[in-house]
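Thanks for passing this one along. Here are my notes, set out as numbered points so that you can follow them with the coordinates open.

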Amino acid sequence: MNKVTLPFSQLVLASNNAGKLKELQAMLGEHIEVLPQSRFISEEAEETGLSFIENAIIKARHASQASGLPALADDSGLAVDALGGAPGIYSARYADGQGDAANNTKLLDALKHVADEQRGARFICALALVRHADDPVPIICEGAWEGRILHAAQGEHGFGYDPLFLVPELGVSSAELPAEQKNQLSHRARAMVLLRARLGLV
Ligand SMILES: O=c1nc[nH]c2c1ncn2[C@H]1C[C@H](O)[C@@H](COP(=O)(O)OP(=O)(O)OP(=O)(O)O)O1
Ligand SMILES: [Mg+2]
């Protein structure tokens, strides 16, 4: 539906994160054919930027270069108030590349002595869409999701820091939300609403 309004019919998703790919696919799949970048490349782009936006652009260009197709990248992370916004753009690498479980353990440890009211945090998502590898005008959309860091993991859905992210209005972690509900509320969902509008998709 609505594919006619787009100048392209296929889009490469510039991510190797299975959780993200699933969410992005669910948010875009009805509008356009989305292909994971693993169809074209195995190596990851080096995320050398100092902002989510810069890293998203780097990843999108890398996937577009490898595929010859338009590419959409998502650079995202968790900014924790009590840690001055860390781990931020370094969220995936917080525990030196040991993965989600190690990242979560390190975060709980860093906040061990921090009281509830100081445990504010937000997920941030920057989406970058390039129509070709050298696109001088990438489309950038951002979204944020406010929450709090729990004292222990809760829930089995989602990925990354979801088990530690309390959604205050609902009183549950984002890993306790069914995928459909997270995909209505999340930082990624909010950025995607803006992207769909920019692309003329309903
Ligand atoms: O909805 C989310 N729920 C939980 N955790 C999340 C979410 N969104 C981002 N995150 C965390 C995961 C990772 O620690 C970092 C993203 O890092 P980021 O470099 O953007 O992604 P990545 O390296 O996992 O995959 P890729 O770069 O191939 O897209 O933030
Ligand atoms: Mg990454």
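1. Please keep in mind that this is a predicted model. A good place to begin is D109, which is partly exposed, with a relative accessible area of 45%. D109 forms a salt bridge with K112, and the closest N and O atoms of the two are 3.0 Å apart. Across the whole structure, the search finds 11 salt bridges.

2. The next pair to look at is D74 and R188, a salt bridge whose closest N and O atoms are 2.5 Å apart. D74 belongs to strand β3 (residues 71-80) and R188 to helix α5 (residues 187-199), so this pair links distant parts of the chain, 114 residues apart. What is the relative accessible area of D74? The value is 1%, so D74 is buried. R188 is buried too, with a relative accessible area of 1%. The pair does not stand alone: K20, E23, D74, D162, K182 and R188 are linked in a network of salt bridges.

3. Helix α5 itself deserves a moment. Its 13 residues should span 18 Å at 1.5 Å a residue, and the end C-alpha atoms are indeed 18 Å apart, so expectation and model agree. At the start of α5, a side-chain oxygen of S186 comes to within 3.2 Å of the backbone nitrogen of R188. After the helix comes G200, which has a positive phi, near 75 degrees.

4. Which residues of α5 are buried? They are H187, R188, A189, A191, M192, L195, R196 and L199. As a reminder, an α-helix has 3.6 residues a turn, so residues three or four places apart point the same way. The buried residues of α5 pack against α1 (18-28), β3, β4 (120-130), β5 (139-149) and α4 (179-185).

5. A further salt bridge joins K59 and E47, with the closest N and O atoms 3.5 Å apart. Here too distant parts of the chain are linked: K59 sits in helix α2 (residues 52-67) and E47 in the loop between β2 (33-36) and α2, 12 residues apart. Are the two partners buried or partly exposed? K59 has a relative accessible area of 9% and is buried, whereas E47, at 23% relative accessibility, counts as partly exposed. The cut-off that separates them is 20%, since buried means under 20% relative accessible area.

6. The loop between β2 and α2 also holds Q37. Q37 is buried, with a relative accessible area of 5%. Which side chain does Q37 join through a polar contact of 3.1 Å? The partner is N16. Leaving aside neighbours within four places in sequence, Q37 is in contact with V12, L13, A14, S15, N16 and A63.

7. Turning to the aromatic residues, the count comes to 3 aromatic pairs. In one of them, the ring centres of F123 and F165 are 4.4 Å apart and the planes are at 40 degrees, so the pair is tilted. F123 lies in strand β4 and F165 in strand β6 (residues 165-167), so the pair ties together parts that are 42 residues apart in sequence. F123 is buried at a relative accessible area of 6%, and F165 counts as buried at 1%. Ring pairs link F123, W145 and F165 into a cluster.

8. One last contact to view on screen: K106 lies over the face of Y94, at 4.5 Å from the ring centre.

How values were computed: Residues numbered from 1 in each chain as written. Chains lettered and ligands numbered in written order. Predicted model: local features only at pLDDT ≥ 70, side-chain atom pairs only at ≥ 80, totals over all residues. Heavy atoms only, no water. Salt bridge = Lys/Arg side-chain N within 4 Å of Asp/Glu carboxyl O. Helix = DSSP H or I, 4+ residues; strand = E, 2+ residues; numbered from the N terminus. Buried < 20%, exposed > 50% of the residue type's maximum accessible area, 1.4 Å probe, protein only. Expected span 1.5 Å × (residues − 1). Contact = heavy atoms within 4.5 Å. Polar contact = N/O pair within 3.5 Å; in protein donor to acceptor, adjacent residues only side chain to side chain. Phe/Tyr/Trp six-rings, centres within 6.5 Å; stacked < 30°, edge-to-face > 60°. Lys NZ or Arg CZ within 6 Å of the ring centre and 35° of its normal.
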